[in-house]
Amino acid sequence: MRTGEALLEVENLTVSFSTNRGLHAAVRGLSFSLDEGEILGIVGESGSGKSVSTQAIPSLLPKNALVSGSARYRGKELLGQSVSFLREYRGKKIGMIFQEPGRSYDPLQNMESVFFETFRNSDRSITKDLSREKAAVLLSETGLERGKERLSNFPHQFSGGQLQRIGIALALAQGCELLIADEPTTALDVTIQKQIVALLRKLRETRNISIIFISHDINLVAEIAGRILVMYGGLIMEAGKSAMFAEGAVHPYSKALLAASPRFGSHYSRERLRTIPGRVTDPAQAEPGCPFAPRCAEASDECRKGVPPLVPLDGEGRKARCVRIQWR
Ligand SMILES: Nc1ncnc2c1ncn2[C@@H]1O[C@H](COP(=O)(O)OP(=O)(O)O)[C@@H](O)[C@H]1O
Ligand SMILES: [Mg+2]
């Protein structure tokens, strides 16, 4: 592979769900790319389309999802491929961790057996002893204390943060190159959140893995990602380097997210959180214009006419989708 080549290129991804209330547009033409060793953040409120757009990439969506567009992984198209083609990617080159790690484990299977099964997927001849050794090395890399001893434990004997470390170790055991981390720290308290973020950053440094880090908390995303996509109503509303967001967002939606987000580490401050007025738009009844217009304090009639284009604002990849913001 050429250096500088994108690991993942998503182009005009759309996902609609056929429901008994009609067609439900969840993702409406999403394009982004991810370089090797890059951490990309996706942020937006619940229902913005963050999970659906990333689950579409390894074809993990349910059958009622209609997907179009393109997702090329090292130049190979993943969308519309057979299960056997995707076997190499799903859960292997592309690993995933989620908000509630406990759910993905069989409560009756201890970790030793989980790792053994995982290693056996790619090496049928691996022995239990070698599996234990390899698991212990990975668990020490992901910071699980007394990892080797704890292999005999069952899922309920671990905390949420420990289960996330185990989930990351299992992704690495399967040769993960791209980790999709979908709200991996949302259920954890702030101290553990920080530790998991530090672990993911370390793995980027030591293993050069690429990460898509999804969260509703824009400050947390800015803490870990180099670049951020802000999503709302299945659309990218603003995109740019994290440093730009730290200096201040340009889109009214991103500004509202920043105002509503607790500062990283100031979880226990008495500062009252500001919440964004209005409700997340129901995609089954999408407005013709900007999806944020009904909640936007700066909206005018023009905003309700059509979906504004995502326009570049500078030569450094900053983009925004808002009629009030123009190339500077
Ligand atoms: N299986 C499904 N059937 C119908 N609609 C769905 C399904 N999964 C997700 N959606 C809808 O797609 C939209 C985007 O969902 P999602 O990507 O999960 O949001 P986020 O991860 O940003 O919270 C939401 O409106 C959600 O209700
Ligand atoms: Mg989600």
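This short report walks through the overall build, one sheet and the ligand surroundings of a predicted model.

## The whole protein

Let's start with the big picture. The protein's secondary structure adds up to ten helices and twelve strands. If you follow the C-alpha trace along its principal axes, it spans about 70 × 50 × 45 Å.

So how does the radius of gyration fit with a compact globule? A compact globule of 328 residues would come out near 20 Å, and the protein has 21 Å, which agrees. Of the 328 residues, 38% are buried. Now take the contacts with a separation of 6 or more: 62% of them link residues 24 or more positions apart.

## A four-stranded sheet

Here's a handy general point: strands in a sheet pair through backbone hydrogen bonds, and they can be parallel or antiparallel.

In this model, four strands make an open sheet in the order 2-1-4-5, with antiparallel pairing. Strand 2 and strand 5 (76-77) sit at the edges, each pairing on one side only. Zoom in on strand 1 and strand 2, and you'll find an antiparallel pair with eleven bridges. Glutamate 9, for example, has serine 33 in strand 2 as its bridge partner.

## Around ligand 1

Which residues are closest to ligand 1? They are Phe17, Ala26, Lys50, Ser51 and Val52, out of 15 residues that surround the ligand. By class, this shell has five nonpolar, nine polar and one charged residues.

Strand 1 (6-19), strand 2 (22-35) and helix 1 (50-55) each bring at least two residues to the shell. Helix 1 gives the most, with three residues.

Conventions
Residues numbered from 1 in each chain as written. Chains lettered and ligands numbered in written order. Predicted model: local features only at pLDDT ≥ 70, side-chain atom pairs only at ≥ 80, totals over all residues. Rg over C-alpha atoms; globule rule 2.2 N^0.38 Å. Buried ≥ 20, exposed ≤ 12 C-beta atoms within 10 Å, placed from the backbone. Contact = placed C-beta atoms within 7 Å. Near = placed C-beta within 6 Å. Nonpolar A, V, L, I, M, F, W, Y, C, P; charged D, E, K, R; others polar. Pairing = 2+ DSSP bridges.
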